[in-house]
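Student: I would like a close look at one part of this model, the packing of one helix against another. Please take the charged pairs and the remaining local features after that.

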Amino acid sequence: MRMSRRSLLTAGTAAAALTPLPAGAAAAAANPGTRLRTGFERLAQDGYARLGGMRVGIVTNPTGVTRDVRHVVDVMHADARVDLTAVFGPEHGFRGTAQAGGSEGRYDDPATGLPVYDTYLKSGQALADVFTASGVDTVVFDIQDVGARFYTYIWTLYDCMEAARLAGKRFVVLDRPNPVTGRSARGPVLHKEFATFVGRQPIAQAHGMTVAELARLFNGEFLTAPVELDTVLMSGWGRGDFYDASGLPWVPPSPNMPTADTALVYSGTCLFEGTNLSEGRGTTRPFELLGAEGLDGRWAAAAGELGLPGVRFREAYFAPTFSKFQGKTIGGVQVHVRDRAAYDPVRTGIALLVTAKKVWSGFAWRSDNWIDKLTGSTLVRTMTDAGAGTDEIVGAWQDELEAFRGIRRHYLIYK
């Protein structure tokens, strides 16, 4: 992997890119009794001073809520101190009514009357034209991420940053926690020839960063040229904190991310989207339940024999209400995380792929090799097909992962 770290002191973006940890935030993060404050909470607490005199548009979805579950669009629209004039909806839409691969289109929001523009599947100049047509001066981003490279909201962030640069707009990121902690980056790193909307740039499968940190990384490494970037940081968040330590309500960022527990497994078990097995869509435990017709208890037994840290596997039978195997009772496993600190979701996902192929003769990759887009290269697919074990596959990406970790380190904000 070749990545040259661009200087963060680029004229016009230095102050934003190098925004220091707020006074007292490090101490607050070390004290679990201290209340976390999101980027939006700190923006509002400061009277929206960073948005003063600006026509503001916001990229958000149902996760853009306050601690008392009011949507930030409703709050800002009702506050005379901020001139909110447009909303931009990502995949699933601003109000979250669309399933995976869908959006809500262009409409006027009934609650506020604000125009809602669709960003899904738009990038580059086409998206810049949307920002220009909206008439905004500043584009704000406030969406809850889940910590995985193939979760599309971080690429909405990337595309919107690039489009804002092209349109000459200022870009402000309101930070929220990484729900599965920011302790480390894990998994394979994307190879650029496999870039899609589930991975635009070479970052690790589980990136271990917040959206503000990712914005700094994108601005310093990947954008054609830096955008005028401002990041409104959290206070009271530490890198080892899981979501339940935040005291914030969990709002599903997408229809198949119902709980923070789903996010915990997602960066590993989402790989089953690249196979002919169900990844649990259409059940109440997506990405925790995995299975197919013809699978039985042998899979859970084989996975259990590996002794993976922090996780147990239960033989499970379920009938998805939509997606793969809709209405059919299928067999497989349920992933039970017993020790979050010890659990490695990516290694676990690889182990489940390896053991599924070993115990079930019907195992197959999706015909479009979607697994290569999810993992970022052919490595996982070809090594699994060749009979490699979990440790061998995981070991094969370590050099690239270490290189990414070295670059990532320059953009981390929190302790």
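Tutor: The helix pair comes first, then the salt bridges, then burial and backbone. Bear in mind that this is a predicted model.

Start with helix H8, residues 260–269, and helix H10, residues 345–359. Their axes come within 7 Å. They cross at roughly 50°. An angle between 35 and 65 degrees is neither roughly parallel nor roughly perpendicular, and H8 and H10 are therefore oblique to each other. The crossing of H8 past H10 is right-handed. Now the residues that meet. H8 brings Leu264, Val265, Ser267, Gly268 and Thr269. H10 brings Pro345, Val346, Gly349 and Leu352. Sorted by class, this contact has 5 nonpolar and 4 polar residues. No charged residue takes part in the contact of H8 with H10.

H10 also holds one end of a salt bridge. The side chain of Lys357 meets that of Asp385, with 3.6 Å from N to O. Lys357 sits in helix H10, while Asp385 sits in helix H12, residues 379–385. The two are 28 residues apart, and the pair links distant parts of the chain. How accessible is Lys357? Its relative accessibility is 31%, so Lys357 counts as partly exposed. Asp385, at 39%, also counts as partly exposed.

The model has 26 salt bridges in total by the distance rule used here. Take Asp142 and Arg176. Their side chains meet at 2.6 Å, N to O. Asp142 belongs to strand S5, residues 138–142. Arg176 belongs to the loop between strand S6 (170–174) and strand S7 (186–189). The pair therefore ties together parts that are 34 residues apart in sequence. Both ends are covered: Asp142 is buried, and Arg176 is buried too.

A further salt bridge lies within one helix. Arg165 and Glu162 meet through their side chains at 2.8 Å, N to O. Both are in helix H6, residues 153–167. They are 3 residues apart, so about one helical turn separates them. The general rule fits here. An α-helix has 3.6 residues a turn, so residues three or four places apart point the same way. Burial splits this pair. Arg165 is partly exposed, with a relative accessible area of 23%. Glu162 has a relative accessible area of 11% and is buried. The cut-off for buried is under 20%.

Salt bridges can also share partners. Glu273, Glu279, Arg281 and Lys324 are joined into one network in this way.

Next, a covered helix. Helix H7 spans residues 211–222, and 12 of its 12 residues are buried. Nonpolar side chains are among them, including Val211, Leu214, Leu217, Phe218 and Phe222. Charged residues are buried there as well, including Glu213, Arg216 and Glu221.

Finally, the backbone. Which phi value does Leu121 have? It is near 65°, positive in a residue other than glycine. Leu121 is placed in the loop between strand S4 (115–118) and helix H5 (124–134). Leu121 counts as exposed, at 65% relative accessibility. Ser323 likewise has a positive phi, near 70°, and is not a glycine. Ser323 lies in the loop between strand S11 (311–318) and strand S12 (330–337). At 36% relative accessibility, Ser323 counts as partly exposed.

Conventions. Residues are numbered from 1 along each chain as its sequence is written. This is a predicted model: local features need pLDDT of at least 70, side-chain atom pairs count only at pLDDT 80 or more; totals for chains, interfaces and linings use all residues. Side-chain values use heavy atoms; hydrogens and water are left out. Axes are lines fitted to C-alpha atoms, for helices over the stretch in contact, and angles run from 0 to 180 degrees between N-to-C directions. Helices (H or I, at least four residues) and strands (E, at least two) are DSSP runs, numbered from the N terminus. Angles under 35 degrees count as roughly parallel, over 145 as roughly antiparallel, 65 to 115 as roughly perpendicular and the rest as oblique. A crossing is left-handed if the near helix is turned anticlockwise from the far one by less than a right angle, and right-handed if clockwise. Contact means heavy atoms within 4.5 Å. A salt bridge is a side-chain nitrogen of Lys or Arg within 4 Å of a carboxyl oxygen of Asp or Glu. Buried means under 20% relative accessible area, exposed over 50%, partly exposed in between (1.4 Å probe, protein chains only).
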